[in-house]
Structures are given as C-alpha cells and as structure tokens.
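Reader: Please take one part of this model and go through it slowly, starting from the open space and moving out to what packs around it. I would like the terms explained as they come up.

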Amino acid sequence: MSVVNEVVIAPSLLASDFAHLSKAASECAEGGAEYLHFDVMDGRFVPEITFGSQAVSSLRRISPAFFDVHLMIVEPEKQIKHFADAGANGVTVHYEACTHLHRTLQHIRDLGMNAGVAINPHTPVSALEFVMELTDLILVMTVNPGYGGQSFIPGMLPKIREAKIMAARAQHPIHVEVDGGISPHTAAAVTQAGATALVAGTAIFGDGRSVVDAISDLRTAASR
C-alpha cells in the first residue's frame, strides 16, 4: 500500500491572460505552486481550442514547476511525444478518449513522464481498475470538461473518496487530482475526501487578487 499525503497546487493556465503566459508562470512560481496545469483542448473532444506543445516548450525555459499536461483531445497517443519533447513532466489522458488506454499509459511512461488518467463526471472510478499499475495520477473531473469557470459538482465527492481508496491500494504513489470549480470554498471538502492535487484556474487568475495571495489562500483552505 502506498499513500500520497502532501497536497500540491496546480494553477490552470487556461484562466490566465494568454498574452502574458510567462508572467503567469513566474507568479505561480513565486507563490510556491508545485505544478503548472496545461489544459490542452482540440475543439473535438471538448468544444474549445486552447494551446499545444509549443506553449509547454516556451514556458519550460523559464519555469521550474512540474508541468502537468491534461490532454482533452481525441487520439491523444498521436501527441504524447510532442509534449515529452517540449518538457512536460506528466501527461494525463481521458479514459473516454483512449481506445487502448493501457498502451497509451505505457507510452507516456516509456517517454519518461508520469502517466495520468482523467475521468469525466459520468465515468466510474472502477473503470481504471486494470490500469492502476501504469497510473501515477487519477484526475477526477468535478465539472464537465471544456470550459473554465464552471461550478463544482458536489456529487463528485464520493467519487474522490473512491479514487483515494483505489490509489492507496496501489504499490506505488498515485496522486488524486481534482479539476473543476476548485476554490477556497471547495478546497477543504475535496482534500478531506482524499484529493492530493488541486487544479484551480479562476480562483487563482480570475478574481483580481494577486496570484501569490490566491495560491496562499487556496493552500490554507486545503489544509483545514
């Protein structure tokens, strides 16, 4: 049995000003955020289009953070090496987008990155049972993916608990990450349920406060 106890903060650049991504990355580092979260959208798996591996490559030159790449795209296996070459530390793919999930996770690991699996609100945690030996991160979507600024779905809390139980049974450390509606108002509930990595966009970049203060407030709330 292996348990991850520390909680890491993963600011989502989706909510930042795209004209100043380097500034956002630097402010996140100043605030002590361990991860930078890249929401990569293709306009097919989800409605919106964001950025690709070039954004990762550009920010890699200035940021020491763990680059946490979330591929909300169809056929993610075709893009994984591009993100590895760009400097990603971890790549998360969607269970719903992978025909051969086991092979895809092995490919991510073979390229030297942590392998993550995201599950949409309707997908049960049990769907991951037979890929846990290749999984370093379970991403529980607490909104329907595709847009920033959505409200947290409270019904996902039991799912986070279930993911934590499954992760604890593994023979290697597995983070339970949550993404969607994470703020100082919801952070305590999700960490108490078992989350160990918090993705937050609007709560960090969207309320007019400094990024440093927003990260501090989120971390304080997560420890309650």
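**The largest pocket and its surroundings**

Author: The largest pocket holds about 320 Å³ of space, a volume being the space filled by probe spheres set on grid points that are joined across faces, edges and corners. The model is predicted, so local features need pLDDT of at least 70 and side-chain atom pairs count only at pLDDT 80 or more, while totals for chains, interfaces and linings use all residues. Residues are numbered from 1 along each chain as its sequence is written, and side-chain values use heavy atoms, with hydrogens and water left out.

A pocket here is an open set of points on a 1 Å grid over the protein atoms alone, where a 1.4 Å probe fits and protein lies on both sides within 12 Å along at least five of seven lines; lining residues have an atom within 4 Å of a point. By that rule 24 residues line the largest pocket, and those nearest its centre are Gly148, Gly149, Gly180, Gly181 and Gly201. Two or more lining residues come from each of β2 (35-41), β8 (197-200) and α7 (202-205), where helices (H or I, at least four residues) and strands (E, at least two) are DSSP runs numbered from the N terminus. The lining divides into 12 nonpolar residues, 10 polar ones and two charged ones; Ala, Val, Leu, Ile, Met, Phe, Trp, Tyr, Cys and Pro count as nonpolar, Asp, Glu, Lys and Arg as charged, and the others, Gly among them, as polar.

Two of these lining elements, β8 and α7, also serve as packing partners of helix α8. In α8, Val211, Ala214, Ile215, Leu218, Ala221 and Ala222 are buried. They cover an arc of only 130° around the axis, which puts them on the same side of α8, the arc being that of the directions from the helix axis to the C-beta atoms. Buried means under 20% relative accessible area, exposed over 50% and partly exposed in between, with a 1.4 Å probe and protein chains only. Besides β8 and α7, the buried residues of α8 pack against β1 (8-11), α1 (21-30) and α6 (187-193).

From α1, the residues Leu21, Ala24, Ala25 and Cys28 are buried, and because they fall within an arc of 100° when seen down the axis, they line one face of the helix. They pack against β1, β2, α2 (53-60), α7 and α8, so that β2 and α7, which help line the pocket, are met again here. After α1 comes glycine 32, with a positive phi near 85°.

Following the chain beyond β2, one reaches aspartate 42 in the loop between β2 and α2. Its C-alpha atom and that of alanine 29 are separated by 27 Å, although the two residues are 13 apart along the chain. Leaving aside neighbours within four places in sequence, aspartate 42 is in contact (heavy atoms within 4.5 Å) with Glu48, Ile49, Met72, Ile73 and Val74.

Glutamate 75 lies in the loop between β3 (66-72) and α3 (80-86), and phi there is near 50°, a positive value in a residue other than glycine. With a relative accessible area of 37%, glutamate 75 is partly exposed. In helix α3 itself, histidine 82 is partly exposed at 43% relative accessibility, and its C-alpha atom is separated by 8.9 Å from that of glycine 52, 30 residues away along the chain.
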